[in-house]
Amino acid sequence: MSTCTKCDEEAVITREYEGRSLCEKHFSIDINKKIKRTIRKHNLVESGDTIAVGLSGGKDSAVMLEQLVEIFGERPDVEIVAIAVHEGIDPYRDESIGAAEELCEQLDVRLEVGRYEDYYDLKMDDVADTGELGNCTYCGIIRRDLLNKLSREVDANKLAIGHNLDDEAQAIMMNHLKGNMQKLARMGAMSDSDTHEMFVPRIKPLLDVREKEIALYSRLHDLGVIDRCPHVQEGSLRPMVKSFLNKLEAQMPGTKNKIVSHGRDLSDIVDESIDWENNVDEIQECERCGEPCSNDVCRKCQLLEDIRSD
Ligand SMILES: [Zn+2]
Ligand SMILES: [Zn+2]
């Protein structure tokens, strides 16, 4: 193993994409700096904010919470509250909720847990493999709804999600492949806050950090548990895009960074060229649950009806 570019210690990582190696201490400092830079550059956190941090029990969200507490923990004008969703997947979710509780206790952060069972009267274990759409699609739509609800319940004005550089590169590629211009235009470190007052804007503090480096950081600092849901199905688009990007990156270091930075430029151009006023469905309230959506009945309520009628 090589030595750290900044000191004489043994390196824990060699970054092909920037041609340097870092020891544990300098790597950890660098991760913290990267996250601070992302937050500052996009103005993700402001004085007076209450930030709900979505915890999955996995490494990304655990690192995100630890870092947000390190950066803002001493600030009296910024509050951090953790929220977690129990989808009713046993014992996988019980374990990760346990890990989330432990982490919050260590970091002295309040944790609110919302269960699918309590909010929608269903468990993912009971409905998995029954729908026409993939399990992750069902679960993702419901989880998104519940995270938004929980954020409002803890009076948060922002919701931090553990979306990393790899996730962003994959999402950009997928929007290209699907030709989804509106979604492409809305990508970035912070979601639009002006779409509807009931949508809590989402921020992505880990946006410039690679998945592998978050995994390394989480190992070095003993954060997060393995996050592998038993209901994941093979053959969906995202895993294919993910492995394609990993192959490209191995051959051409820096590819993921380029996709994300070009994606941001493109997103701005697309954003300007869309006639949002006339082309986009107006956000209204779902007639069943009252959550904001662009149809009479929101996607989540449509899914819940499909599930229940089976
Ligand atoms: Zn060093
Ligand atoms: Zn609804």
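This talk goes through two zinc sites, one helix and a handful of individual residues in a predicted model.

Before the details, some conventions: residues are numbered from 1 along each chain as its sequence is written, and chains are lettered from A and ligands numbered from 1 in the order in which they are written. Because this is a predicted model, local features need pLDDT of at least 70 and side-chain atom pairs count only at pLDDT 80 or more, while totals for chains, interfaces and linings use all residues, and side-chain values use heavy atoms, with hydrogens and water left out.

Let me begin with the zinc ion called ligand 1, which is coordinated by Cys-4 (SG), Cys-7 (SG), Cys-23 (SG) and His-26 (ND1), at 2.0 to 2.4 Å. Donors here are N, O and S atoms within 2.8 Å of the metal (3.2 Å for Na, K and Ca), and since water is not among the atoms, sites may look incomplete. The angles among the four donor atoms of ligand 1 run from 101 to 113 degrees, and the site is tetrahedral, a label that four donors receive if all angles lie between 85 and 135 degrees. For reference, the ideal angle for four tetrahedral donors is 109.5 degrees. Along the sequence, the donor residues follow the spacing C-x2-C-x15-C-x2-H. Two of these donors can be placed by accessibility, where buried means under 20% relative accessible area, exposed over 50%, and partly exposed in between, with a 1.4 Å probe and protein chains only: Cys-23 is buried at 4%, and His-26 is buried at 16%.

For residues 4-27, UniProt lists, in an unreviewed entry, "domain: 2-thiouridine synthetase TtuA-like N-terminal LIM"; UniProt positions are given in the numbering used here, feature names are shortened, and annotations may be inferred rather than shown by experiment. In the model, the end C-alpha atoms of that span lie 9 Å apart, and the span is 17% helix and 25% strand, where helices (H or I, at least four residues) and strands (E, at least two) are DSSP runs numbered from the N terminus.

The other zinc ion, ligand 2, is coordinated by the SG atoms of Cys-286, Cys-289, Cys-298 and Cys-301, at 2.3 Å. Its site is also tetrahedral, with angles of 104 to 115 degrees among the four donor atoms, and the sequence spacing of the donors is C-x2-C-x8-C-x2-C. Within this set, Cys-286 sits in the loop between strand S8 (284-285) and strand S9 (292-293), and Cys-301 sits in helix H13 (residues 299-309), 15 residues apart. Both Cys-286 and Cys-301 are buried.

Turning to helix H7, residues 165-178, what span should one expect for its 14 residues? At 1.5 Å a residue the expected value is 20 Å, and the end C-alpha atoms are indeed 20 Å apart, so the two agree; the expected span is 1.5 Å times one less than the number of residues. Eleven of the 14 residues of H7 are buried, among them Leu-165, Asp-166, Ile-172 and Met-173. The elements covering those buried residues include helix H8 (181-185), helix H9 (211-220), helix H10 (237-251) and helix H11 (255-273). At the start of H7, a side-chain oxygen of Asn-164 comes within 3.0 Å of the backbone nitrogen of Asp-166, and just after the helix Gly-179 takes a positive phi of about 65 degrees.

Asn-164 also appears among the contacts of Asp-60, a residue of helix H2 (residues 59-72), which, leaving aside neighbours within four places in sequence, is in contact (heavy atoms within 4.5 Å) with Gly-162, Asn-164, Leu-206 and Ile-214. Asp-60 counts as buried, at 15% relative accessibility. Gln-67 is found in helix H2 too and is buried at 1%, and its side chain makes a polar contact with the side chain of Asn-32 at 2.7 Å. A polar contact is a pair of N or O atoms within 3.5 Å; within protein, one must be able to donate a hydrogen and the other to accept it, and residues adjacent in sequence count only if both atoms are side-chain atoms.

Finally, two residues deserve a look for their backbone. Asp-108 has a positive phi of about 60 degrees although it is not a glycine; Asp-108 is in the loop between helix H3 (92-107) and strand S5 (110-115) and is exposed, at 70%. Asp-121, likewise not a glycine, has a positive phi near 60 degrees, and Asp-121 is exposed, at 63%.

How values were computed. Four donors count as tetrahedral if all angles lie between 85 and 135 degrees; four count as square planar and six as octahedral if opposite donors are over 155 degrees apart and all others between 65 and 115; anything else is irregular.
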